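Please read the following report alongside the sequence and the coordinates. It moves from the chain as a whole to its strands, and then to a few single residues.

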Amino acid sequence: ERTNRLSAAWIEQKTPTDAIVVCMQTSGALFCYTDRASVRWDYLDAPRFDQLVRACEAGHHPLFACLFDFEIPSMLAHTRKTGWRQRARIGAATLWELTPPGR
């Protein structure tokens with residue numbers, strides 16, 4: 001539970017207010033402890049995830065992810081998206097940013 005709270009605090013302090021955060025395990029903590037919009041990656045198939053990425057790029061919304069270690073392989077395989085860069089680790093959670101192509 002401490003990791004959830006600390007991860008939410010990192011998101012709140014280190015991401016822009018218009019950021020979108022992809023998550024699963026931390027979705028409740030992000031909802032309760034941040035003002036960031038969040039999306040459960042496990043509810044999106046690959047085409048829908050691509051649509052989310054395009055919408056974020058068009059609206060200039062940075063896309064972050066807050067993932068526990070066990071989620072990382074599944075999320076990356078599920079979304080088929082490359083360009084994720086790990087920004088921080090807090091306990092068993094990792095914080096990522098999707099870097100658009102060309103950046």
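## Basis and burial

A residue is called buried here when its relative accessible area is under 20%, exposed when that value is over 50%, and partly exposed in between. The model is a predicted one, and by this criterion buried residues make up 46% of the 103 residues in the chain.

## Overall architecture

The secondary structure of the chain consists of 4 helices and 5 strands, and from the N terminus on these elements follow one another in the order α-β-α-β-α-β-α-β-β. The radius of gyration is 12 Å, close to the 13 Å that the globule rule gives for 103 residues, so the chain is as compact as a globular protein of that length. The C-alpha trace spans about 35 × 25 × 25 Å along its principal axes.

Among the contacts in the chain with a separation of 6 or more, 57% are accounted for by residues 24 or more positions apart. The accessible surface comes to about 5800 Å², and carbon and sulfur atoms contribute 52% of that area. As for charge, the chain carries 13 positive and 11 negative charges, whose mean positions are 4 Å apart.

## Strand pairing

The pairings can be followed strand by strand. Strand β1, residues 20-23, pairs in the parallel sense with strand β2, residues 37-40, over 4 bridges, and β1 also pairs in the parallel sense with β3, again over 4 bridges. I20 illustrates both pairings, with A37 as its bridge partner in β2 and L63 as its bridge partner in β3.

Strand β3, residues 63-68, pairs in the antiparallel sense with β5 over 5 bridges, while strand β4, residues 84-90, pairs in the antiparallel sense with β5 over 6 bridges. L95 of β5 takes part in both of these pairings, being the bridge partner of C66 and also the bridge partner of A88. The strands β4 and β5 form a hairpin with 2 residues between them, and G91 in its turn has a positive phi of about 60 degrees.

## Covered strands

In a regular strand the side chains alternate between the two faces of the sheet. Strand β5, residues 93-98, is mostly covered, with 6 of its 6 residues buried; A93, L95 and E97 point one way from the strand, T94, W96 and L98 point the other way, and all are buried. The acidic residue E97 is thus listed among the buried positions of β5.

In β3, likewise, 6 of the 6 residues are buried, so this strand is largely enclosed by the rest of the structure. Its residues L63, A65 and L67 point one way and F64, C66 and F68 the other, all of them buried. Strand β1 is covered on both faces as well, with I20 and V22 buried on one side and V21 and C23 buried on the other.

## C66 in strand β3

Is C66, a residue of strand β3, buried or exposed? Its relative accessibility is 0%, and C66 therefore counts as buried, the limit for that class being under 20%. Leaving aside residues up to four places away in sequence, C66 touches S7, V21, V22, C23, M24, T26, L30, E71, T94 and L95. Two of these names recur in the account of β5, where T94 and L95 point opposite ways from the strand, and L95 is also the bridge partner of C66. A further relation in space links C66 with K14, since the two are 52 residues apart in sequence and 12 Å apart from C-alpha to C-alpha.

## H60 and L76

Most residues other than glycine have a negative phi, and most peptide bonds are trans. H60 has a phi near 60 degrees, a positive value in a residue other than glycine. H60 is placed in the loop between α3, residues 46-58, and β3, and its relative accessible area of 65% makes it exposed.

L76, by comparison, lies in helix α4, residues 72-79, and with a relative accessible area of 32% it is partly exposed. L76 and A58 are 18 residues apart in sequence and 22 Å apart in space, taken from C-alpha to C-alpha.

Definitions and conventions. Residues are numbered from 1 along each chain as its sequence is written. This is a predicted model: local features need pLDDT of at least 70, side-chain atom pairs count only at pLDDT 80 or more; totals for chains, interfaces and linings use all residues. Side-chain values use heavy atoms; hydrogens and water are left out. Buried means under 20% relative accessible area, exposed over 50%, partly exposed in between (1.4 Å probe, protein chains only). The radius of gyration is taken over C-alpha atoms; the globule rule is 2.2 Å times the number of residues to the power 0.38. Contact means heavy atoms within 4.5 Å. Accessible areas come from the Shrake-Rupley method with a 1.4 Å probe; for residues, only the protein chains shown count as cover. Lys and Arg count as positive and Asp and Glu as negative; His and the chain ends are not counted. The place of a charge is taken as NZ of Lys, CZ of Arg, CG of Asp or CD of Glu. Two strands pair if DSSP finds at least two bridges between them.
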